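This report is concerned with the disulfides of the structure shown below. It takes each cysteine pair in turn, with attention to position, geometry and accessibility.

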Amino acid sequence: PPSWILPPLLLLLLAPGPTAPCSPPQPNATHFVCTEPTLSTFPAGLPPTTLAVSVEFTALATLLPTALAGLPRLQELHLSSNRLTTLPEPLLRSVPTLRVLDLTDNLLDDLPAGIFAATGHLQHLVLRGNRLQALQPAWFWHLPRLQWLDLAANALTEVPPMIFHPLSSLRSLDLSHNRLATLAPGALAGLRVLERLDLEGNQLGTLLPAVFGPTPALRLLFLQDNKLQALPTGVFVPLRHLRVLDLAGNRLQALELPPGAALDLDISGNPWACECPLLVLLRQAAPRLTASHNTLCASPAHRRGQEVAAVSRAGDTGC
């Protein structure tokens, strides 16, 4: 026979079968994973024992309101890197025990007001990398156990006052890489146990003096790559537990620091005025400066280009 004829078994394996990509798992399975690029409809027939579903990197663009029906024990739903443009409002009503929802890198420009109304056990919510332009207060009314909220890399222009107030358990809030030019009074109200706040890569030009008053438990604060030109006096005073502060890549000439010790501080990439207020503050507070080789004086003229840390340690500053 011709040499190109394949054995019957191999032909059978190569032949396209009748099953759709990512067929349902065995009965009583607890996890389902599908990363089939051609998948365009959410898999049906998952067993009611399913605890975690991951449908990622597919062509999935829509979900039926009943897509999760029959999964009463579902705890984790990972739907990142698909093509979802919206979600049906009833979608999550049949999964009341859901704890993790990841919608990273989809095409969502809005969500129904009541989308999270039945997910009171949700702890991690990731909406990073979508097209959200505005936050709806109703999204957060029923999430008292939420600990992690990631809204990074959207198109948000404001944080409405009191919007996060119901999130009394929130410990990490990521608003980085949006279009925020300011934080309104009360934008962080209610976040009494928040430990990590990321505002990197926005357009913040200033901060209100009392903006961090509602977040006394904050330990990590990221403000790098904004347009901050000045810091209000005492803006960090409420943050007695702060351990990491990143102010790199702004337009600051003068510095404010939180009370307390053992602070990791990045202030590189700012046009620092190396005069007594800054030099004395750094000498007294003695933070651990990261990227000190890029933390340079812009003025006065005789110190331009010198490392801020070296100047502050020098004994001949006259301060």
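## Cysteine 22 and cysteine 34

In this predicted model, cysteine 22 is partly exposed, because its relative accessible area of 23% is not under the 20% that defines a buried residue. Its partner, cysteine 34, is by contrast buried, with a relative accessible area of 1%. The two residues are joined by a disulfide with an S to S distance of 2.0 Å, and this link is right-handed, with 80 degrees about the S-S bond.

The pair connects distant parts of the chain, since cysteine 22 sits in the loop between helix H1 (8-14) and strand S1 (31-34), whereas cysteine 34 belongs to strand S1 itself, twelve residues apart.

## Cysteine 274 and cysteine 297

A further disulfide is formed by cysteine 274 and cysteine 297, whose sulfur atoms lie 1.9 Å apart. The torsion about their S-S bond is about -90 degrees, and the disulfide is therefore left-handed. Distant parts of the chain are linked here as well: cysteine 274 is placed in the loop between strand S12 (272-273) and helix H2 (276-285), while cysteine 297 is found in strand S14 (residues 297-299), 23 residues apart.

Cysteine 274 is buried, with a relative accessible area of 0%, and cysteine 297 also counts as buried, at 3% relative accessibility. Both values qualify because the term applies under 20% relative accessible area.

## Cysteine 276 and cysteine 319

Cysteine 276 is joined to cysteine 319 by a disulfide with an S to S distance of 2.2 Å, and the link is left-handed, with -90 degrees about the S-S bond. Because cysteine 276 lies in helix H2 and cysteine 319 in the segment after helix H3 (308-313), the pair ties together parts that are 43 residues apart in sequence.

With regard to accessibility, cysteine 276 is partly exposed, having a relative accessible area of 32%, and cysteine 319 is likewise partly exposed, with a relative accessible area of 37%. Each value falls between the limits for buried and exposed residues, which are under 20% and over 50% respectively, and so the intermediate class applies.

## Pairing pattern

The structure holds three disulfides in total. When the bonded cysteines of the protein chain are numbered in sequence order, the pairing reads 1-2, 3-5, 4-6.

Methods. Residues are numbered from 1 along each chain as its sequence is written. This is a predicted model: local features need pLDDT of at least 70, side-chain atom pairs count only at pLDDT 80 or more; totals for chains, interfaces and linings use all residues. Side-chain values use heavy atoms; hydrogens and water are left out. A disulfide is a pair of cysteine sulfur atoms within 2.5 Å. Helices (H or I, at least four residues) and strands (E, at least two) are DSSP runs, numbered from the N terminus. Buried means under 20% relative accessible area, exposed over 50%, partly exposed in between (1.4 Å probe, protein chains only).
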